[in-house]
Amino acid sequence: MRSERTPFEGGPMDGRVLPVLLGPTGHPPKWYEIPVPAADGGPPTVLLYERVPAGYSKRLHLQKGWKYTYTPSGRKPGLRWPWTKTKPETEPQAEPQAEPQVEPQVEPQAGPQAGRKPAPPTA
């Protein structure tokens with residue numbers, strides 16, 4: 001498997017560069033978890049790093065690679081499906097009274113269409 005030397009920023013791993021395995025697309029994983037064992041034998045602490053672009057070239061604005069930045073919350077965001085959006089609760093408002101619609105009067109124009117009859121109104 002291929003790996004890529006990827007820098008880490010922030011948190012306890014700040015400034016280190018580790019070889020990270022690449023996926024089938026040639027990119028490192030979106031999230032990188034590092035379990036750190038607890039000194040008292042309790043559950044391990046998990047350091048969470050998110051993959052972000054390392055930078056862009058000046059002329060063509062091409063991406064230079066990836067780096068990982070520390071996420072202090074230690075939790076990945078959940079999946080966001082389009083059909084699970086929460087709608088803000090709003091109070092029902094009274095609908096305004098519908099006003100009768102009046103069609104605007106079209107004035108004859110001067111120019112190439114001046115001699116033509118106006119088209120009959122469509123219903």
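**Strand pairing and aromatic rings in a predicted β model**

Q: In which sense do strands S1 and S2 pair in this structure?
A: Strands S1 and S2 are joined over 5 bridges, and within this pairing Thr-6 has Leu-18 of S2 as its bridge partner. The model under discussion is a predicted one, and in it the sense of the pairing between S1 and S2 is antiparallel.

Q: Which elements make up the secondary structure of the protein chain, and how many of them are there?
A: Read from the N terminus, the elements of the protein chain follow one another as β-β-β-β-β. The secondary structure accordingly comes to 0 helices and 5 strands.

Q: In which sense do S1 and S5 pair?
A: Strand S1 covers residues 3-9 and strand S5 covers residues 66-71, and 2 bridges are found between them. One of the positions involved is Glu-9, whose bridge partner in S5 is Thr-69. The sense of the pairing between S1 and S5 is parallel.

Q: How many bridges join strand S4 to S5?
A: Strand S4 spans residues 45-53 and runs antiparallel to S5. Across this pairing Tyr-49 stands opposite Tyr-70 of S5. The number of bridges that join S4 to S5 is 6.

Q: Which strands stand at the edges of the sheet, and why is one side of each left without a neighbour?
A: The sheet is open, its pairing is mixed, and its 5 strands lie in the order S2-S1-S5-S4-S3. A strand at the edge has a single partner strand, so one of its sides is left without a neighbour in the sheet, and this applies to S2 (17-21) and S3 (31-36).

Q: By what angle are neighbouring strands of this sheet turned against each other on average?
A: The sheet in question is the open one with the order S2-S1-S5-S4-S3. With direction ignored, its neighbouring strands are turned against each other by an average of 40°.

Q: What is the arrangement of the aromatic pair formed by Phe-8 and Tyr-68?
A: The structure holds 6 aromatic pairs, and in the one formed by Phe-8 and Tyr-68 the centres lie 5.2 Å apart, with 20° between the planes. This pair links distant parts of the chain, since Phe-8 belongs to strand S1 and Tyr-68 to strand S5, 60 residues apart. Both residues are buried, and the arrangement of their rings is stacked.

Q: Why does the pair of Trp-81 and Trp-83 count as stacked, and what is the angle of the planes?
A: Trp-81 is partly exposed, with a relative accessible area of 44%, whereas Trp-83 is exposed, at 64%. Their ring centres are 5.2 Å apart. The pair is stacked because planes under 30 degrees apart count as such, and here the planes stand at 20°.

Q: Which residues form the aromatic cluster?
A: Tyr-49 and Tyr-70, which stand opposite each other between S4 and S5, both belong to the cluster, as do the two residues of the stacked pair between S1 and S5. The full membership of this one cluster is Phe-8, Tyr-32, Tyr-49, Tyr-68 and Tyr-70.

Q: Over the face of which residue does Arg-51 lie?
A: Arg-51 is placed at 4.1 Å from the ring centre of its partner. The residue over whose face Arg-51 lies is Trp-66.

Q: What separates the C-alpha atoms of Trp-31 and Tyr-68?
A: Trp-31 has its place in strand S3, and its contacts, neighbours within four places in sequence left aside, are Leu-48, Tyr-49, Glu-50, Tyr-68, Thr-71, Lys-76 and Pro-77. Trp-31 and Tyr-68 are 37 residues apart along the chain, while their C-alpha atoms are separated by 8.2 Å.

Q: Is Thr-71 buried or exposed?
A: Thr-71 is found in strand S5, and, its neighbours within four places in sequence aside, it is in contact with Trp-31, Leu-48, Tyr-49 and Glu-50. Because the limit for a buried residue is under 20% relative accessible area, Thr-71, at 13%, counts as buried.

Q: What is the phi of His-61?
A: His-61 lies in the loop between S4 and S5 and is exposed, with a relative accessible area of 54%. Most residues other than glycine have a negative phi. His-61 is not a glycine, yet its phi is positive, at about 55°.

Notes. Residues numbered from 1 in each chain as written. Predicted model: local features only at pLDDT ≥ 70, side-chain atom pairs only at ≥ 80, totals over all residues. Heavy atoms only, no water. Helix = DSSP H or I, 4+ residues; strand = E, 2+ residues; numbered from the N terminus. Pairing = 2+ DSSP bridges. Axes fitted to C-alpha atoms, helices over the stretch in contact; angles between N-to-C directions. Contact = heavy atoms within 4.5 Å. Phe/Tyr/Trp six-rings, centres within 6.5 Å; stacked < 30°, edge-to-face > 60°. Buried < 20%, exposed > 50% of the residue type's maximum accessible area, 1.4 Å probe, protein only. Lys NZ or Arg CZ within 6 Å of the ring centre and 35° of its normal.
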